[in-house]
Amino acid sequence: LNTLTTNNDNMGGGGWYYVPKVWSPAGGWWNNPRNWKANTAVCGVVIFALSAVVFKVSAEKERRPIKPRFPVPSERWAKHPAGTQ
């Protein structure tokens with residue numbers, strides 16, 4: 001029988017190896033913060049809120065003095081209709 005496939009002691013990178021102690025803002029090697037799900041949710045909410053504000057300001061400021069030849073999707077939510085000052 002083949003001993004390489006049945007003997008699990010020869011497989012993997014087990015054992016200890018040297019890793020220098022390093023501080024990093026991301027947590028260094030093998031970080032696993034306790035509240036990563038909550039942090040991710042908060043970041044998602046903040047990104048969504050900022051995107052909504054940018055979208056609102058952009059829609060209010062958008063002006064097209066010349067009506068486009070083909071329909072532009074942003075015409076549906078723009079404050080000023082195309083072809084007007």
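User: Why is Val-46 called partly exposed in this model?

Analyst: This is a predicted model, and here Val-46 has a relative accessible area of 44%. Buried would mean under 20% and exposed over 50%, so Val-46, at 44%, is partly exposed. Its place is in helix α2, which covers residues 36-61.

User: What makes the nonpolar surface patch there?

Analyst: Val-42, Val-46 and Leu-50 make it, with an area of about 270 Å². A patch residue needs over 30% relative accessible area, and Val-46 clears that cut-off because its value is 44%.

User: Ser-74: buried or exposed, and how do you know?

Analyst: Buried. The relative accessible area of Ser-74 is 13%, and the limit for buried is under 20%, so the label fits. Ser-74 sits in the segment after α2. Leaving out residues up to four places away in sequence, Ser-74 touches Glu-62 and Arg-64.

User: How many aromatic pairs does the structure hold?

Analyst: Just 1. Phe-55 and Trp-77 form that pair. Phe-55 is in helix α2 and Trp-77 in the segment after α2, 22 residues apart, so the pair links distant parts of the chain.

User: Why is the pair of Phe-55 and Trp-77 called tilted?

Analyst: Their centres are 5.4 Å apart, and pairing asks for within 6.5 Å, so they count as a pair. The planes are 50 degrees apart; stacked needs under 30 and edge-to-face over 60, so tilted is what remains.

User: What makes Phe-55 partly exposed, and what about Trp-77?

Analyst: Phe-55 has 45% relative accessibility and Trp-77 has 41%. Both values lie between 20% and 50%, so each residue counts as partly exposed.

Notes: Residues numbered from 1 in each chain as written. Predicted model: local features only at pLDDT ≥ 70, side-chain atom pairs only at ≥ 80, totals over all residues. Heavy atoms only, no water. Patch = residues over 30% accessible without salt bridge, like charges linked within 9 Å, V, L, I, M, F, W, Y side chains within 5 Å. Areas by Shrake-Rupley, 256 points an atom, 1.4 Å probe, with all protein chains shown as cover. Salt bridge = Lys/Arg side-chain N within 4 Å of Asp/Glu carboxyl O. Helix = DSSP H or I, 4+ residues; strand = E, 2+ residues; numbered from the N terminus. Buried < 20%, exposed > 50% of the residue type's maximum accessible area, 1.4 Å probe, protein only. Contact = heavy atoms within 4.5 Å. Phe/Tyr/Trp six-rings, centres within 6.5 Å; stacked < 30°, edge-to-face > 60°.
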